[in-house]
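Take a moment with the sequence and the model. The paragraphs that follow walk through a few places worth finding.

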Amino acid sequence: MSDKNIKAQPPEKLTGIKLAKIPKSAVGTKAIKSALAHVSSEVGMGKGIELLAKINQMDGFDCPGCAWPDPDAKRAFLAEYCENGAKAVAEEATKNRVSPMFFATHSVQEMSTWSDYEIGKSGRITHPMYLKEGSDNYEEISWKNAFNLIGKELNSLNSPDEAIFYTSGRTSNEAAFLYQLFVRQFGTNNLPDCSNMCHESSGVALSETLGIGKGSVTLDDFNHADLVIVMGQNPGTNHPRMLTALSETKKHGGKIMTINPLPEVGLMRYNDPQNPLKWIGKGQQLTDLFLQVKINGDVALLKIILKLMKAKEEETGKVFNHQFIKEKTQGLEEFLSDLDNYSIEELVPQTGLSLTQIEEATQLIINNDKIIICWAMGLTQHKNAVDNIREIVNLLLLKGSIGKQGAGTCPVRGHSNVQGDRTMGIWEKPKPAFLDSLEKEFSFSAPRKNGYDVVSAIEAMHKKEGKVFIGMGGNFISATPDTEFTADALRNCNLTVQISTKLNRSHLITGKQALILPCLGRSEKDEQKSGEQFISVENSMGVVHQSNGHLDACSKHLLSEPKIVAGIAKVTLKNSKVEWKNITDNYDLIRDKIEATIPGFDNYNKRVREDGGFYLPNNARENNFTPTSTGKANFTVNKPSDIQLKDNQFMMMTIRTHDQYNTTIYGLDDRYRGVLNERRVVFMNPDDMKQQQLQKLEKVNLISHFQGEQRIAKGFLVIPYSIPKQCTATYFPEANVLVPIKSKAKLSHTPASKTVIITVEKI
Ligand SMILES: Nc1nc2c(c(=O)[nH]1)N[C@H]1C(S)=C(S)[C@@H](COP(=O)(O)OP(=O)(O)OC[C@H]3O[C@@H](n4cnc5c(=O)[nH]c(N)nc54)[C@H](O)[C@@H]3O)O[C@H]1N2
Ligand SMILES: Nc1nc2c(c(=O)[nH]1)N[C@H]1C(S)=C(S)[C@@H](COP(=O)(O)OP(=O)(O)OC[C@H]3O[C@@H](n4cnc5c(=O)[nH]c(N)nc54)[C@H](O)[C@@H]3O)O[C@H]1N2
Ligand SMILES: [Mo]
């Protein structure tokens, strides 16, 4: 059982900062060196090289890093992975083990005082483990007893809606499909997932405007684009293989515009790791125009661009794509007339840019027809995040820059199968048609009430209305906002269950009782009754393909995720028509059921075996917008941020370092930002520092302010950095304690973890 002595937050201890020069270009030899150093220390060099050779190859496994797609046909000779993919694989293939002896030696309370880096480095969990009520040490439990305990707790709830079933986005299509089927047969739609904290705002905005919650472009479109705009995204760290696509755009004569509060190195210059001849030298310039926008200044910036486009259109009649607008869209008049409600003079200060820079950006947009807009968390994690994305769509619609080669929307997904999990039905708001087809195939009555998303799940547990929490992967306590509030919520549960590969803080912040169910990772062989299995995943561009593990399982006590779901379902469900006992003997059986219930998966078992897999249907890509509520692509009316900062307040965004994968901390360096061996830092504008009388590396406390409430995070070092005035940046998860649970995006309910209002307090 978890109490206040068990620390929900990483320790406040500083680790010995070193500042380094910010590199001028990304990737190159340093990246390769860093990747190999991680691989050899975690896995050993020989096995490591063998592993790396399999990442993202046709017969290999899908990189457990990001969801950026692989080339359709030709795969790079050297390898289709990046520095951070190699690190992700090394983390999973680590030699270190968390065994029953480890848990006997280290109490939950003790482990909670470790940093997330130390917790993660402990290694792979080898046995199912149980934390009894009142105990401070996990002990070994058999799979059978673990499943029975879950079944008993679930069946003793007053209603199925008192159980919460979280998913992180690495789960395979096969596991995700079974999981949601089990949960719905149990009787609830409480299926929150990491997407709620990630691209939910994109899904909401794109479904409303274009009739599909996914992006429209393919990798090949980057070879044909005239202009690629990268907004609120740091691909050099989080999607390094995207830099190759951007470099292709440049080679084909296209231009790149970057909109970001930080001059992220990866977007400026790039040395192709797959071309050793180019490792030396300055690298290729990527960004042609950099707009260093203020945090959350994007709608204001886009409005100015749209107003300037409108003015030019009135003058020349040549800016808008009239035919596209007439045939494919609705709502133009209302959208255009709303633009008149804003004055450029009032909007400009919200952006932190000069009007000249914005005019230059507008000219680039006017001059080019084939435009791709890419974005990630810099746009989705704000109160008005949905407006951010709808405004992007407005721009593309005016230009007719969607549903044609070299143009369209590109929300760059995070977890490697987060998009696939949604396609499989991991969603708290399922469409009636989807439930109808589940009911028909499996003869049961599916729950129709929407379930909890991440934020409402936390609130429900806090109110003791959620009593059993099951996490299919992920690290709920460290990924969610308002750490102390969420910890109290989890502590209220009767039982918390984590299905995991590696030790993390969510194993320490538990309900009255807790279970850890260790599972196979993606790099490992998955043996079932009918032989070795593969799983399948969907990447950021809607390609479904297979992934084959190559390593022996790190422990013989592990089960695959599908097998764990089936094990829980078998003991929990009384009248299920699903053959839970046999369905995981051969994953083809699961894929047959997916084909029977989800559109786009015809001949799944055959097509998934073809090299490179297959594309799912995508109406926006096909220039068809009939699935929207109006039957056309919708222009929308959006609002700039209404947040007003006081003089001494700052806007804070929580971002990733170069050495972490979400809550998994690979190392303590943020090489591309020149910060080494420390995570408790706050990036500030030097003028703001002067005004606040703060010195470089001064130790401060950060206090967030929301609806009269204050939250504090202690002991951060101030780093002077190129960031707009009144903007600051910290790393997640250290700063999550400052993100108020109620501060979330309108419509999508994504925690506003990039618009946190703080003051900086000298210690
Ligand atoms: N190595 C590695 N790869 C990863 C991950 C990882 O942690 N490590 N995480 C994966 C996941 S789940 C995801 S979702 C993605 C995340 O990928 P990103 O979205 O690139 O991740 P963040 O670090 O949150 O970076 C957000 C970027 O947006 C900018 N930004 C912040 N606020 C604003 C704003 O208001 N306006 C604009 N224009 N820009 C803003 C920040 O300066 C930063 O460059 O990466 C995935 N890939
Ligand atoms: N403040 C702030 N908070 C954020 C964000 C932010 O930018 N700022 N970003 C948000 C975003 S975009 C996301 S996606 C979420 C991420 O939220 P999560 O997906 O919940 O977190 P991760 O850190 O990716 O999860 C890591 C854990 O997953 C487990 N794991 C790894 N591989 C496997 C596997 O193959 N199977 C199973 N079962 N488990 C596995 C390991 O035990 C590991 O400890 O965090 C969100 N939180
Ligand atoms: Mo994400």
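A polar contact is a pair of N or O atoms within 3.5 Å. Keep that cut-off in mind for the ligand. The model is a predicted one.

Start at ligand 2. Lys502 reaches an oxygen atom of ligand 2 with a backbone N or O atom, at 2.9 Å. The protein covers 96% of the 930 Å² of accessible area that ligand 2 has on its own. Side chains make polar contacts as well. In Ser168, a polar side-chain atom sits 2.7 Å from an oxygen atom of the ligand. In His415, a side-chain N or O atom is 2.8 Å from an oxygen atom of ligand 2.

Which residues come nearest to ligand 2? They are Tyr166, Ser168, Ala479, Glu561 and Thr663, out of 30 residues around the ligand. The shell is mixed in class: 15 residues are polar, 10 are nonpolar and five are charged.

Now move to helix α21, residues 432-442. Its buried residues are Phe434, Leu435, Ser437, Leu438 and Phe442. They lie on the same side of α21, because they cover an arc of only 160° around the axis. The general geometry helps here. An α-helix has 3.6 residues a turn, so residues three or four places apart point the same way. The buried residues of α21 pack against two helices, α8 (173-186) and α26 (587-597). On the face turned away from the buried side, look for the exposed residues Pro432, Ala433 and Lys440.

Follow the chain out of α21 and you meet Ser443. Its phi is near 45°, a positive value in a residue other than glycine. Ser443 belongs to the loop between α21 and α22 (454-462).

Helix α3, residues 83-92, is next. Is α3 largely enclosed or open, and why? It is largely enclosed by the rest of the structure, because 10 of its 10 residues are buried. Charged names appear in that buried list, including Glu83, Lys87, Glu91 and Glu92. Asn84, Gly85 and Ala86 are also among the buried residues of α3.

Finish with two backbone details. Gln726 is not a glycine, yet its phi is positive, about 65°. Look for Gln726 in the loop between β31 (709-720) and β32. Gln726 counts as partly exposed because its relative accessibility is 23%. The other detail is a cis peptide bond between Phe732 and Pro733, with omega about 15°. Pro733 lies in the loop that runs between β32 (727-731) and β33 (756-762).

Technical notes
Residues are numbered from 1 along each chain as its sequence is written. Chains are lettered from A and ligands numbered from 1 in the order in which they are written. This is a predicted model: local features need pLDDT of at least 70, side-chain atom pairs count only at pLDDT 80 or more; totals for chains, interfaces and linings use all residues. Side-chain values use heavy atoms; hydrogens and water are left out. A residue is near a molecule or strand if one of its heavy atoms lies within 4 Å of it. A polar contact is a pair of N or O atoms within 3.5 Å; within protein, one must be able to donate a hydrogen and the other to accept it, and residues adjacent in sequence count only if both atoms are side-chain atoms. Accessible areas come from the Shrake-Rupley method with a 1.4 Å probe; for residues, only the protein chains shown count as cover. Buried means under 20% relative accessible area, exposed over 50%, partly exposed in between (1.4 Å probe, protein chains only). Helices (H or I, at least four residues) and strands (E, at least two) are DSSP runs, numbered from the N terminus. The arc is that of the directions from the helix axis to the C-beta atoms. Contact means heavy atoms within 4.5 Å.
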